[in-house]
Every structure is written in structure tokens, then in C-alpha cells.
Amino acid sequence: MRIARFSINNTPQYAFVQTDSNDGKDYLVALDGYPLGSRPVSPTGERYALDEDGIRLLAPIIPSKVFGLAKNYQAHARSMYEKGQSVSPDAPSEMVIFTKPSTSVIGPDDPIVYPSFSHDMNFEPELAVVIGKIAKGVSVENAMDYVLGFTCVNDVTLRDLQGSDPMWTRAKGFDTSCPLGPWIETDVNWQDAKISFTLNGEDVPEASGTTANLIHGIPEQIAAISSFTTLLPGDVILTGTPNASGTLTPGDEAIVHVEGVGSLRNVIVQGE
């Protein structure tokens, strides 16, 4: 099941995304409420084509918290070391967890704003987990029971500031640094989801990988994070980028692809 958040004539709504068996196109089936609330939601009977005038996909969720895992693939840890961005080619044995504020979240086709205080913006394509119910102190064995679904994310990072800011607050948390979308998919092979990246229409093979190579798996991530904070419905975990990251410049078109979810497109624009 795919759950989307969209606007029609600038009014946000939620919808199921369904493929029409006749024309093969995807349509938004509008819902009468918030799918993560306490009240069950139902279709309103309204249906919209994704390319219909006045329809725009939004970030599928606005989380209260976004957590991310750094160096959670050996290939990415090695790549950072080779670029002089890490003191060791080995991934750390303990989870390296960072946060992004909710104001960093944007949706499909929204612009990623390149801030004037940075000169090295990088892409990081990843699979993101969306929490479906309150999770506190959950076990690894039960962790996936708290997941609503998955979406694509580009963990945009200001690499030059990451080196000078040990908390990564500006490097990871600036406005527009967390594109999510295009929707939440509840049925994903999260144990072996292929991740890839396209830059200006060209595949970037060195940025591809699979969640099968995660060092700390998704259940372990949920259990670890819920051990020190309460995860709320709609909160998001960025599970890690699988391989080498790369440079973004104003005018670039960045597309994250996750098998079983879809594709997330954004364009880079220069900030003031």
C-alpha cells in the first residue's frame, strides 16, 4: 500500500496511491483524515491523476523527529576515508546517530537550497523508515511491528561544514536538507532494497547499494533509538547511504531511487 500526502489547489490532503488496471496510471484516492491518527480514515470518493492541474505531491509526512545513521555501510565509511573525511576506513562498531529538524523536510520536486555559507554540498541516497505507532524501549525482535512503511530520502550534507562542526548541526540540519518521498510504501523488501542515484539524467553507479549490506540493521536501529527517546507516529529514521556520496551544484537534478518504493526528484538552487 502506498500512502501519499498531496495538495490540491494549495490544500494538503492524504491519499492512497492506486494503479488503474485499465490505463496503468497512478491515481491519488483522497482520504478523509490523517492516516496516523487515532480515528480510522476512509476514501472520500475523490480521485486525481498525479499529473492533473493543481495536484502536487508533498513530503509524505512531517515528522516530529528525524534520526539518521552515519557510516552504516562499510563502503561509505571507506569512501569517506579515501576522501580525507574520516580518520579510519572502518565503520565504527557503535551506531553514530544524528538528527535533522522537521524544518529540513521537503517533498518531491521541491528545491534543495544551496546555502551561501557552504561550498561543498553532497548527496546521500537512502532508504528511510517511517514509524507507525509510539515506540519506546522496543526490542529488536519486535521493532518492525512499529513501522508504518518506507520512503526515499536524500540525506543532503554540507561536507565542508561537517568537518568543522562535530555535532553536524548545520551540515545535516539546514533547511531543505531532508527531501522525502514520493510516498510511503508499506510493503518493501527492507532486508534487500536496492538503492541508486541519478544525477542530471546519468546513473551514478558508485552511489548504489543495497540494504542487505547495512552494518546495523533496521530493527537494531529502531531498538537503539527508542531506548533513549520516544518515537512518535510519523517520525523518520534515515538508515544510511550505501556507498560513495558525491557533489551537488546549483542547477543539478538529483533523483534517489529505492527498489519497491519509487523515485524522489529534486533540483538544486542557489541560496542567498
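Here is a chat between a colleague and a modeller about the structure above.

Colleague: Before we dig in, what kind of model is this, and what pLDDT do local features need?

Modeller: Residues are numbered from 1 along each chain as its sequence is written, and side-chain values use heavy atoms, with hydrogens and water left out. This is a predicted model, where totals for chains, interfaces and linings use all residues, side-chain atom pairs count only at pLDDT 80 or more, and local features need pLDDT of at least 70.

Colleague: Let's start with strand E1. How many of its residues are buried?

Modeller: Strands here are DSSP runs of at least two residues, numbered from the N terminus. Buried means under 20% relative accessible area, exposed means over 50%, and partly exposed is in between (1.4 Å probe, protein chains only). On one side of E1 sit Arg2, Ala4, Phe6 and Ile8, and on the other Ile3, Arg5 and Ser7, all of them buried. So the buried count for E1 is seven of its seven residues.

Colleague: Which residue in E2 is the bridge partner of Ala4?

Modeller: Two strands pair if DSSP finds at least two bridges between them. E1 and E2 do this in the antiparallel sense, over seven bridges. They also form a hairpin with two residues between them, and Asn9 in the turn has a positive phi of about 55°. In E2, Ala4 is partnered by Ala15.

Colleague: And which residue in E5 is the bridge partner of Ser7?

Modeller: E1 pairs with strand E5 (residues 55-57) too, antiparallel, over three bridges. The E5 residue bridged to Ser7 is Arg56.

Colleague: Which residue in E14 stands opposite Arg2?

Modeller: E1 and E14 run antiparallel and are joined by two bridges. Opposite Arg2 in E14 you'll find Glu185.

Colleague: E14 also holds Trp183, right? What backbone oxygen lies 2.9 Å from a polar atom of its side chain?

Modeller: Trp183 is indeed in strand E14 (residues 178-185), and it counts as buried because its relative accessibility is 8%. Contact means heavy atoms within 4.5 Å, and beyond its neighbours within four places in sequence, Trp183 touches residues including Arg2, Ile3, Phe150 and Val261. A polar contact is a pair of N or O atoms within 3.5 Å; within protein, one must be able to donate a hydrogen and the other to accept it, and residues adjacent in sequence count only if both atoms are side-chain atoms. The backbone oxygen at 2.9 Å belongs to Val261.

Colleague: How are the rings of Phe6 and Tyr48 paired?

Modeller: Rings of Phe, Tyr and Trp (its six-membered ring) pair if their centres lie within 6.5 Å; planes under 30 degrees apart are stacked, over 60 edge-to-face, and the rest tilted. The structure holds five aromatic pairs. Phe6 is in strand E1 (residues 2-8) and Tyr48 in strand E4 (residues 43-49), so the pair ties together parts that are 42 residues apart in sequence. Their ring centres are 5.8 Å apart with planes at 50°, so the pair is tilted.

Colleague: Why is Cys178 not bonded to Cys152?

Modeller: A disulfide is a pair of cysteine sulfur atoms within 2.5 Å, and the structure holds zero of them. Cys178 is buried, with a relative accessible area of 0%, and Cys152 is buried at 0% as well. The closest cysteine sulfur to that of Cys178 is in Cys152, and it is too far for a bond, at 12 Å.

Colleague: Which residues have the most contacts inside the largest nonpolar core?

Modeller: A nonpolar core is a set of buried Ala, Val, Leu, Ile, Met, Phe, Trp, Tyr and Cys residues joined through side-chain atoms within 4.5 Å. The largest one has 42 residues, and the ones with the most contacts inside it are Met121, Phe197, Ile222 and Leu248.

Colleague: In E19, what is the bridge partner of Met121?

Modeller: An open sheet of three strands has the order E13-E10-E19, with antiparallel pairing. Strand E13 (157-158) and strand E19 (246-248) are at the edges with a single partner strand each, so one side of each has no neighbour in the sheet. Strand E10 (residues 121-123) pairs with E19 over three bridges. Met121's partner in E19 is Leu248.

How values were computed
Helix = DSSP H or I, 4+ residues; strand = E, 2+ residues; numbered from the N terminus.
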